[in-house]
Amino acid sequence: MINKFETKIGGKDIIIETGRMAKQADGACTVRLGGTVVLVTAVCSGEPREGVDFFPLTCEYQEKTYAAGKIPGGFFKREGRPSEKEILSARLMDRPVRPLFPKGMLNEVQIVAIVISSDSENDSDVLAMIGASSALTVSDIPFNGPIGTVRVGRIDGKFVLFPTFKELESSDLDLVVTGSRDGVVMIESGSNELGEDVFCEAINFAQEQLQAVIDLQERMAREVGKKKRDIQLHAVDPDLLAKVRELATARLDEINKLGTKEQREEAIVMLSKELIEKLVTEESGYSARDVRTALVEVEEEEVRKFIVVNKKRVDGRRFDEVRPITCEVGILPRTHGSGLFTRGQTQSLSVTTLGTSADTQTIDALEGEMEKSFMLHYNFPSFSVGEVRPIRGPGRREIGHGALAERALKPLMPDKEKFPYTVRVVSEILESNGSSSMATVCATTLSLMDAGVPIGSPVSGIAIGLIKNHNEEILLTDIGGVEDHFGDMDFKVAGTRKGITALQVDLKVTSISKDIIKKALEAGRVARFSVLDKMEQTISSPKEAISEYAPRLTSFKISEDKIGMVIGPGGKVIKKIIADTGATIDISDDGTVQVASSDSAAVEKAVGIIRALVEEPEIGKLYTGKITRIMNFGAFCEILPGKEGLIHVSELANKFVKTVDEVVKVGDEVTVKLVEVDDQGRLNLSKKQADPDWKPEPPGEGGAEGGAPRPRGGDRGRPHHRRS
């Protein structure tokens, strides 16, 4: 039986349907907004896999090209590896639902969202998030939902719900909020330097509006929802937990006072070995894994208790204290720009490379093809945390962290008219002990300014953590790795002194209140400014000049009807310019010409040739041209590529000229003045009038002033001018 549920939010219809598709899944539904439809399914395994000691949740998001009436490009003509958009959307689905499953659940759960229709107006990622909660809610899978999600834009100071792609182009806010009845569960946002008060208002607005999505799902649960199945939840043996707590508490208290991450980890390893030797016996029946799992639980208790009781953190800092910061720029001699940002034991080396329009990334998305001229890539090698792992391609975490940092910097990047370069920044995480994505934001700012990229303002980022203990809520500024691991919140905020450019909030608890969000934003603002102070002591504004190793680039526009003239038949003209100058030349369909070379002289030469090709002759202007032919009545001179005119014998010199070749010869370079363009578009030139000492003859003594008499015999011997 097909069941359809509808609600109207912000004047737009959200339609959720179940019972038509994917009926063998534990839960399935379609979510529709406009002409965009997403199918979302949820399936849970019957029993946990042997040896699993964590919750194996996977979320997949797939965009099918048929959804937009397209056929995939390439040889195979089918969808391939996930795009960056698909990976980021899968992460958006995962982050809010993960903390809402029962603690100790080890059954595999897979949520799959497939975009099956796209109107190229409404984004499907938020629909997938709504669908994930809906599919879980109507299924028999244990889930502490439902939750609702909305996207909020801000146009002319007014909030817009579920803005279209076109509306987002004029919006200074792109905010995705997921919430429950009690509070916010997840936030993902980018903005154009908006203040904390605007963000609070936007988040509160979103939290109010998403209640309608929760209402709809609760109605679905009542009418078509399945009874939740009984699942055996994994828990540490209480007796083992008590023994580990008794043996380890005093040692953990000492370990928590150690200064560095390495010291703590080494001490924990030693403690774990000692506990295993004491507790793993034939009589006890405990395994080494059981002991390690119990120790992690006790360690979490002790870290949180240490913070609550001692009113300070495991590394000795105050709650609002940022770790020591050092900043360096220009440390790599042959790159275009580099920045090294170190905060405590987290370190990012960011390197900027400047390229031409040929280096832009083309993205073939469902909503259409687009080009990307600013790219930020984040790498997280295993040595950064002292581990040994195979080196593979970027995973979801790397792509997600890179996208967050890119979003933080994007509003400050110069437009193409001001700075026509394609910019790629790579952040190499060399050490990690908390918030490497925000270190990437800071290091990238340093690197961009070192490269001479005229960003609007420096950007910094910070992560705020949370420890909830009964009725007590403690915010921790600049969280370290252990606080991130055992804490309740990762609240990342990046921005300038003017306002916020990126915000990402993930929780391990079911929700947080508006009050916590407001306090976290203020703590982030104070810390962000202190980090900017440190950065600006090293470099406060972009360098005036780009690196000597970066390409010299000039961008200008020509008329669209002149593009063919510059390219030439089969690319003959542009290939010759490239061969003669050594510069690279790119011409866009709108007539934008970009010329680049490491040699500035080559750029100037190529630009001069192109400008000359498309230049229209101007009466009264002086030109330096080359004599191409000599006739008995005058000489032909090429003043612009493909454009030549006649210097009549009477215009060769300010005296009587018996024969043309006594004044000029083929190949001579001469300065001439364009004195006339006749009704047939032919050019009449004068060499004598180009002489600064030339004075026109009085009327009646040699023809009309400034004119050039036509040769006898009409146009005999004068060909039509070449056209490019």
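## A chat about two sheets

Trainee: I've found a sheet with the order 1-2-3-4-6-5. How many strands does it have, and is it open?

Mentor: That open sheet has six strands, and their pairing is mixed. Keep in mind that this is a predicted model.

Trainee: Which strands stand at the edges?

Mentor: Strand 1 (3-9) and strand 5 (57-63). Each has a single partner strand, so one side of each is left without a neighbour in the sheet.

Trainee: And how much are neighbouring strands turned against each other?

Mentor: On average by 15 degrees, with direction ignored.

Trainee: Can we zoom in? How do strand 2 and strand 3 pair?

Mentor: Strand 2 (residues 12-18) and strand 3 (residues 27-33) are antiparallel, with three bridges between them. Glutamate 17, for instance, has threonine 30 in strand 3 as its bridge partner.

Trainee: What does helix 2 touch on this sheet?

Mentor: Helix 2 (residues 125-138) packs on the sheet and touches strand 2, strand 3, strand 4 (36-44), strand 5 and strand 6 (109-117). The direction of helix 2 makes about 150 degrees with that of strand 3. Helix 5 (residues 211-224) packs on the sheet too, touching strand 1 and strand 2, at about 165 degrees to strand 1.

Trainee: Okay, new topic. What is the order of the eight strands in the other open sheet?

Mentor: The order is 8-7-9-10-21-20-18-19, and the pairing is antiparallel. Strand 8 (158-161) and strand 19 (472-477) are the edge strands, each pairing on one side only. From one strand to the next, the twist averages 20 degrees.

Trainee: How many bridges join strand 18 to strand 20?

Mentor: Seven, between strand 18 (residues 460-469) and strand 20 (residues 489-495), which run antiparallel. Look for serine 460: glycine 495 in strand 20 stands opposite.

Trainee: Which strands does helix 12 lie across?

Mentor: Helix 12 (residues 514-538) lies across strand 10, strand 18, strand 19, strand 20 and strand 21. Helix 12 runs at about 145 degrees to strand 18.

Trainee: Let's zoom out. How many helices and strands does the chain have?

Mentor: There are 15 helices and 29 strands.

Trainee: What is the chain's radius of gyration, next to that of a compact globule?

Mentor: The chain has 35 Å, whereas a compact globule of 724 residues would be near 27 Å. Along the principal axes, the C-alpha atoms fill a box of roughly 125 × 60 × 45 Å.

Trainee: Last one: what percentage of the residues is buried?

Mentor: Buried residues make up 52% of the 724.

Definitions and conventions:
Residues numbered from 1 in each chain as written. Predicted model: local features only at pLDDT ≥ 70, side-chain atom pairs only at ≥ 80, totals over all residues. Heavy atoms only, no water. Pairing = 2+ DSSP bridges. Helix = DSSP H or I, 4+ residues; strand = E, 2+ residues; numbered from the N terminus. Axes fitted to C-alpha atoms, helices over the stretch in contact; angles between N-to-C directions. Contact = heavy atoms within 4.5 Å. Rg over C-alpha atoms; globule rule 2.2 N^0.38 Å. Buried < 20%, exposed > 50% of the residue type's maximum accessible area, 1.4 Å probe, protein only.
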